[in-house]
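Biologist: Hey, can you walk me through this one? I'd like to pick out a few spots and see what sits around them.

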Amino acid sequence: MLDETVLVDGVLKADGASAVKVSFQLTDSITGEVAVTDRDFEVAFTSTFGTFAEGRVTSEDGVATVLLASEFLTENVVSVLTAKIIESEREEDEIIGYEVSRNLVMSPNPETVATDVIGAQITDAESNESD
């Protein structure tokens, strides 16, 4: 999930100063509710463009959130954002290794980018397990 208030039509300004909050959560595929809230887990965040404030984030109430800063770019790029569960409070937890990737467009002129090429909602990861 991205904080849409800092995006221009879903595109992050590639000025090296703009940033957006990115959140990851496992949701129940039927109810859409957060599926894992009974334990903390560590999520590793990576991106092909831009820089996450932290590479690893501990979930809180089933949600891991981190800030992604844009790069200074002279052309439009699609940054692939990846979140992967790398650790859990439980040993041999079935959620370890779950990974999801989404795209986020970064542009020096976000108001000129067609909005049909955007994405990046990491919170739509689903699990068949519920607690």
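Biologist: Which backbone oxygen lies 3.1 Å from a polar atom of the side chain of S47?

Modeller: That's the backbone oxygen of F49. Keep in mind that we're looking at a predicted model. The side chain of S47 also has a polar atom 3.0 Å from the backbone oxygen of G50.

Biologist: And where is S47 found?

Modeller: S47 is part of strand β3.

Biologist: Is S47 buried, partly exposed or exposed?

Modeller: S47 has a relative accessible area of 22%, so it counts as partly exposed. The cut-off for buried is under 20%.

Biologist: OK, what does S47 touch, if I skip residues up to four places away in sequence?

Modeller: With those left out, S47 touches F52, L68, S79, V80 and L81.

Biologist: How far apart are the C-alpha atoms of S47 and A83?

Modeller: They're separated by 9.0 Å, while along the chain S47 and A83 are 36 residues apart.

Biologist: Let's switch to the strands. How many bridges join β3 to β7, and do the two run parallel or antiparallel?

Modeller: There are seven bridges, and the strands run antiparallel. Strand β3 covers residues 41-47 and strand β7 covers residues 77-88. To see one pairing, find T46: its bridge partner in β7 is T82.

Biologist: What about β7 and β8, how many bridges there?

Modeller: Eight bridges join β7 to β8, which is residues 99-107, and that pair is antiparallel too. Look at V80 for an example: N103 in β8 stands opposite.

Biologist: New topic: charges. How many salt bridges does a search of the whole structure find?

Modeller: Six. As background, side chains of opposite charge can pair when their charged atoms come close.

Biologist: Cool. Which residue does R90 meet in a salt bridge?

Modeller: R90 meets D38, at 2.3 Å from N to O. That pair links distant parts of the chain, 52 residues apart: R90 is in the loop between β7 and β8, and D38 is in the loop between β2 and β3.

Biologist: Are those two buried or exposed?

Modeller: Somewhere in between. R90 has 38% relative accessibility, so it's partly exposed. D38 is partly exposed as well, at 41%.

Biologist: And D93, which residue does it form a salt bridge with?

Modeller: With R39, and the closest N and O atoms are 2.4 Å apart. D93 sits in the loop between β7 and β8, and R39 in the loop between β2 and β3, so the salt bridge ties together parts 54 residues apart in sequence.

Biologist: Buried or exposed, for D93 and R39?

Modeller: Buried. D93 has a relative accessibility of 6%, and R39 has a relative accessible area of 3%.

Biologist: What else does R39 meet in a salt bridge?

Modeller: R39 also meets E94, at 3.5 Å from N to O. Again this links distant parts of the chain, as R39 and E94 are 55 residues apart. E94 is partly exposed, with a relative accessible area of 48%.

Biologist: So which residues end up in one network?

Modeller: D38, R39, R90, D93 and E94, joined by salt bridges that share partners.

How values were computed. Residues are numbered from 1 along each chain as its sequence is written. This is a predicted model: local features need pLDDT of at least 70, side-chain atom pairs count only at pLDDT 80 or more; totals for chains, interfaces and linings use all residues. Side-chain values use heavy atoms; hydrogens and water are left out. Two strands pair if DSSP finds at least two bridges between them. Helices (H or I, at least four residues) and strands (E, at least two) are DSSP runs, numbered from the N terminus. A salt bridge is a side-chain nitrogen of Lys or Arg within 4 Å of a carboxyl oxygen of Asp or Glu. Buried means under 20% relative accessible area, exposed over 50%, partly exposed in between (1.4 Å probe, protein chains only). Contact means heavy atoms within 4.5 Å. A polar contact is a pair of N or O atoms within 3.5 Å; within protein, one must be able to donate a hydrogen and the other to accept it, and residues adjacent in sequence count only if both atoms are side-chain atoms.
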